[in-house]
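Me: I am new to this structure. Please take one part of it and give me a close look, with the overall layout to start.

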Amino acid sequence: EDRVDNVLLEWLLALEWLKSPTSGLKSIYPIFFDKKQDGLEEPFADFPWETLASLPQLPSAKTNRRAAEILRKLGGTEEQIMRMQALSVRQVVDQMLKNQGIKLALVGPEPLSTAASRMLNIVIRDVSSVQCSPDIYAFTRSGGCEVISFLKTRGLMSLAPTLARHGITSLRSSHFCGGRSARRNGGGWCRPPSRALRA
C-alpha cells in the first residue's frame with residue numbers, strides 16, 4: 001500500500017533543491033549505516049546494499065505528490081515538478097547514492113564524531129563558497145554593488161570571487177604602497193589609486 005514516506009520525501013526534496021540555482025544548497029552528504037552493534041569493535045553494521053535491488057521501480061505517488069506541493073511553495077517550476085513526480089523509488093535512492101558520503105562501519109571507533117567532523121568541513125567549505133558568490137557579495141557587503149557594477153562594465157567579473165574573499169568593497173580606497181607619494185598613510189608613503197581604478 002502506497003503512503004507518504006518521510007525519508008523518501010526528504011530525499012526527493014533535497015535532490016531537487018540541490019538542482020535549483022536559487023536554493024543556496026551546495027552539497028548532500030549521505031551517512032550510510034545499519035543497526036547499532038553493541039559490544040563489537042565496529043559500532044555499526046555496514047549498510048545493507050543488497051536490499052537496494054528490491055526497491056520499487058515505480059514512483060510512490062503519494063510521496064511524490066506531497067513533494068510536488070512543497071516544491072511549488074518553494075518556487076519550483078512545473079517542468080521540474082513533472083520530472084520529479086515521474087521518479088521511481090529506486091531512481092530516487094540511486095540519485096542519492098551518487099553523492100559522496102561516509103560509511104560508519106569503515107571509519108573506526110568514533111564513527112559519529114568522524115561523520116560530524118567531515119560534515120562540518122563541508123559546511124565551512126560551502127558557506128565560504130556562498131559568501132564569495134558575486135550575487136551574495138553584492139547585496140551583503142557595503143559597497144559590494146558598486147564593485148560588481150564596476151567589474152561588469154569592464155568585463156572583469158572573473159575577479160569578483162577573489163575580491164569577495166578578501167572583503168574588498170571599494171576600488172577607490174585601494175593603494176599601492178612603495179615609492180613617493182603626495183600623501184602620507186601611517187608609517188609609509190603610499191600612492192593614490194591609479195587612474196585605471198578611478199576611471
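**A close look at helix H1**

Reply: The protein chain holds nine helices and five strands. This is a predicted model. Along the sequence, the pattern runs α-β-α-α-α-β-α-α-α-α-β-β-β-α. Of the 199 residues in the protein chain, 29% count as buried. Contacts reach along the sequence too: among those with a separation of 6 or more, 56% join residues 24 or more positions apart. The protein chain exposes about 13,200 Å², and carbon and sulfur atoms supply 56% of that area.

Now to helix H1, which covers residues 6-19. Start with its length. H1 has 14 residues, and at 1.5 Å a residue they should span 20 Å. The end C-alpha atoms of H1 are 20 Å apart, so the model agrees with that expectation.

Next, the N-terminal end. Asp5 caps H1 there. A side-chain oxygen of Asp5 lies 3.1 Å from the backbone nitrogen of Val7.

Then the sides. Which residues of H1 are buried? They are Leu8, Leu9, Leu12, Leu13, Leu15 and Glu16. These residues lie on the same side of H1, because they cover an arc of only 165° around the axis. The general rule helps here: an α-helix has 3.6 residues a turn, so residues three or four places apart point the same way. Asn6 and Glu10 sit on the other side of H1, and both are exposed.

What does the buried side face? The buried residues of H1 pack against three partners: helix H2 (61-73), helix H3 (78-85) and helix H4 (89-97).

Key
Residues are numbered from 1 along each chain as its sequence is written. This is a predicted model: local features need pLDDT of at least 70, side-chain atom pairs count only at pLDDT 80 or more; totals for chains, interfaces and linings use all residues. Side-chain values use heavy atoms; hydrogens and water are left out. Helices (H or I, at least four residues) and strands (E, at least two) are DSSP runs, numbered from the N terminus. The expected span of a helix is 1.5 Å times one less than its number of residues. Buried means under 20% relative accessible area, exposed over 50%, partly exposed in between (1.4 Å probe, protein chains only). The arc is that of the directions from the helix axis to the C-beta atoms. Contact means heavy atoms within 4.5 Å. A polar contact is a pair of N or O atoms within 3.5 Å; within protein, one must be able to donate a hydrogen and the other to accept it, and residues adjacent in sequence count only if both atoms are side-chain atoms. Accessible areas come from the Shrake-Rupley method with a 1.4 Å probe; for residues, only the protein chains shown count as cover.
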